[in-house]
Amino acid sequence: MKILHTSDWHLGRTLYGRKRYEEFSAFLDWLTQTIDDEKVDALLVAGDVFDTSTPSNRAQELYYRFLCRVASSCCRHVVVVAGNHDSPSFLNAPKELLRALNVYVVGSITEALEDEVFVLCTDDTPEAIVCAVPYLRDKDIRTVEPGENIDDKNAKLVEGLKSHYAEVCAIAEQKRSVFNSAGYEDIPIIAMGHLFTAGGKTVDGDGVRELYVGSLAHIGVEVFPSAIDYLALGHLHVPQAVGNAEHIRYCGSPIPMGYGEATQIKKVVLIEFSSTTPKIQELPVPCFQELVRIVGSLDDIHAKLEELKKKESSAWIEIEYIGSDIIGNLREMLDESMNDSAMEIRRIKNRRIMDSVISAVTDDETLDDLDAGDVFIRCLDVFDVPDKDREELTVSYNEIIKSLHEEDANAE
């Protein structure tokens, strides 16, 4: 059986205001073709299908059109779990309809854990058991008690995650035992998840959020039961195996989510099972839109732009000017140099101007100049909160902000 692991599509994401639907469409076209070329039997999507909990109509169209195309291909099963960017209720809403296309969706933790376990069959012959664990929110796996400190909260989070995977995988093992008794041996158990593991690699500007507030942000591999033959993870955008466990993997995002990812080779993971031992292969994803970051003096920037123009590049460019001169009309100068070019400058960081602004003391600072975190820190300063109390207060504050971000806007 051949299984393709992908995640973190973030359909609808923009880049400094630039819509990216052409890139997403090109990726999904490529993915459809790859499924046909590789004769993929099952597709796993490990969370963050959409970039926001209220995706645009066009982002939804891309998603549902892709699922319809896959349903008519050689791929017999699709399993989708929600990530921290997804709305659980939005993903779950059409799940009964999608089951008719052999698309299994788990948007949130289920009341009956059996509903997170799917047996993938062909002509009533079991081929794999999938533990489709979605992003587990703090409230799903941890109860709050008075007087808890940060270490108590962290320990509960680890135990909650470990317990959930243990229970779901125990159900899968029971099913495998029944199949073994019926003569169907070596049925692999595949798990899914959307979380941040210890030692996971990230890059600047990838938009990856810390999922759990406090000193515990990352989960160790010891949380996952040994019965898992392959663990398809989402959330981190850099393709990677977790620690020394080659069968526990992030496939990464399929397109660069920011300029920090611009030089990455994006990948999906192809897994082939002939028994319970996976044969793992990373497939590179083509670059559908070149992103280029230029850092340097004005001469350096002009030289690089000329080099790109000679190559007839259509790159989207981020520029950081670090020269010694203060140039107030940098944007106008660079826009003029881009005439007769297919390239776009998406962002310009004028380091000299920024430094001069930051160092200046002004009396007309307003709330518009501050984010929520800045205001909270100012409040701590105004009330002379001692350093020994700040950590607990900051963790509690971050928990509140995080709960607001995770509120499901599509739920009743």
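Helices (H or I, at least four residues) and strands (E, at least two) are here taken as DSSP runs, numbered from the N terminus. With these elements as landmarks, the report describes a predicted model, starting with the chain and continuing with an enclosed cavity, one helix, the aromatic pairs and several loop residues.

## Chain overview

The protein chain has 11 helices and 17 strands. Of its 412 residues, 49% are buried. Among contacts with a separation of 6 or more, 72% are accounted for by residues 24 or more positions apart.

## The cavity and its surroundings

Rolling a probe the size of a water molecule over the atoms shows where empty space is left. In this model there is 1 cavity of 30 Å³ or more, and the volume of the largest cavity is about 30 Å³. Its lining consists of Val-70, Ala-71, Cys-75, Arg-76, His-77, Val-78, Leu-101 and Val-103. Which elements each supply at least two residues of this lining? They are α2 (57-71) and β5 (77-81). Sorted by class, the lining of the largest cavity comprises 6 nonpolar, 1 polar and 1 charged residues.

Asn-102 belongs to the same discussion through its contacts. Asn-102 is located in the loop between α4 (95-99) and β6. Once its neighbours within four places in sequence are left aside, Asn-102 is in contact with Arg-76, His-77 and Val-78, and these three residues are among those that line the largest cavity. Asn-102 and Ala-71 are 31 residues apart in sequence, with a C-alpha to C-alpha distance of 7.2 Å. The relative accessible area of Asn-102 is 34%, so this residue is partly exposed.

## Helix α8

Helix α8 covers residues 330-337, and its buried residues are Leu-330, Leu-334 and Ser-337. Viewed down the axis of α8, these buried residues fall within an arc of 55°, and therefore they line one face of the helix. What do the buried residues of α8 pack against? Their partners are α7 (298-310), β16 (316-321) and β17 (344-350).

The loop between α8 and β17 contains Asp-340. Phi of Asp-340 is near 60°, which is a positive value in a residue other than glycine. Asp-340 has a relative accessible area of 85% and is exposed.

## Aromatic pairs

A pair of aromatic rings is described by the distance of the centres and the angle of the planes. The structure holds 10 aromatic pairs, and two of them are set out below.

| Pair | Centre to centre | Angle between the planes | Geometry |
|---|---|---|---|
| Phe-50 and Phe-90 | 5.6 Å | 85° | edge-to-face |
| Tyr-104 and Phe-118 | 4.8 Å | 40° | tilted |

The pair of Phe-50 and Phe-90 links distant parts of the chain, 40 residues apart: Phe-50 is in the loop between β4 (42-46) and α2, and Phe-90 is in helix α3 (residues 88-92). Phe-50 and Phe-90 are both buried.

In the other pair, Tyr-104 belongs to strand β6 (residues 103-106) and Phe-118 to strand β7 (residues 117-122), so the pair ties together parts that are 14 residues apart in sequence. Are these two rings buried or exposed? Tyr-104 has a relative accessible area of 9% and is buried. Phe-118 likewise counts as buried, because its relative accessibility is 8% and the cut-off for buried is under 20%.

Ring pairs also join Trp-9, Phe-27, Trp-30 and Phe-66 into a cluster.

## Buried residues in loops

Two further loop residues are described here. His-235 is placed in the loop between β10 (230-234) and β11 (240-242). What is the value of phi at His-235? Phi of His-235 is near 120°, a positive value in a residue other than glycine. His-235 counts as buried, at 2% relative accessibility. Asp-340, by contrast, has a positive phi near 60° but is exposed, with a relative accessible area of 85%.

Tyr-135 occupies a position in the loop between β8 (125-132) and α5 (138-141). Its relative accessibility is 0%, so Tyr-135 counts as buried. Tyr-135 and Gly-193 are 58 residues apart along the chain, and their C-alpha atoms are separated by 6.4 Å.

Conventions
Residues numbered from 1 in each chain as written. Predicted model: local features only at pLDDT ≥ 70, side-chain atom pairs only at ≥ 80, totals over all residues. Heavy atoms only, no water. 1 Å grid on protein atoms, 1.4 Å probe; cavity = no way out; pocket = protein on both sides within 12 Å on 5 of 7 lines; lining within 4 Å. Points joined across faces, edges and corners; volume = space filled by probe spheres on them. Nonpolar A, V, L, I, M, F, W, Y, C, P; charged D, E, K, R; others polar. Buried < 20%, exposed > 50% of the residue type's maximum accessible area, 1.4 Å probe, protein only. Arc of directions from axis to C-beta. Contact = heavy atoms within 4.5 Å. Phe/Tyr/Trp six-rings, centres within 6.5 Å; stacked < 30°, edge-to-face > 60°.
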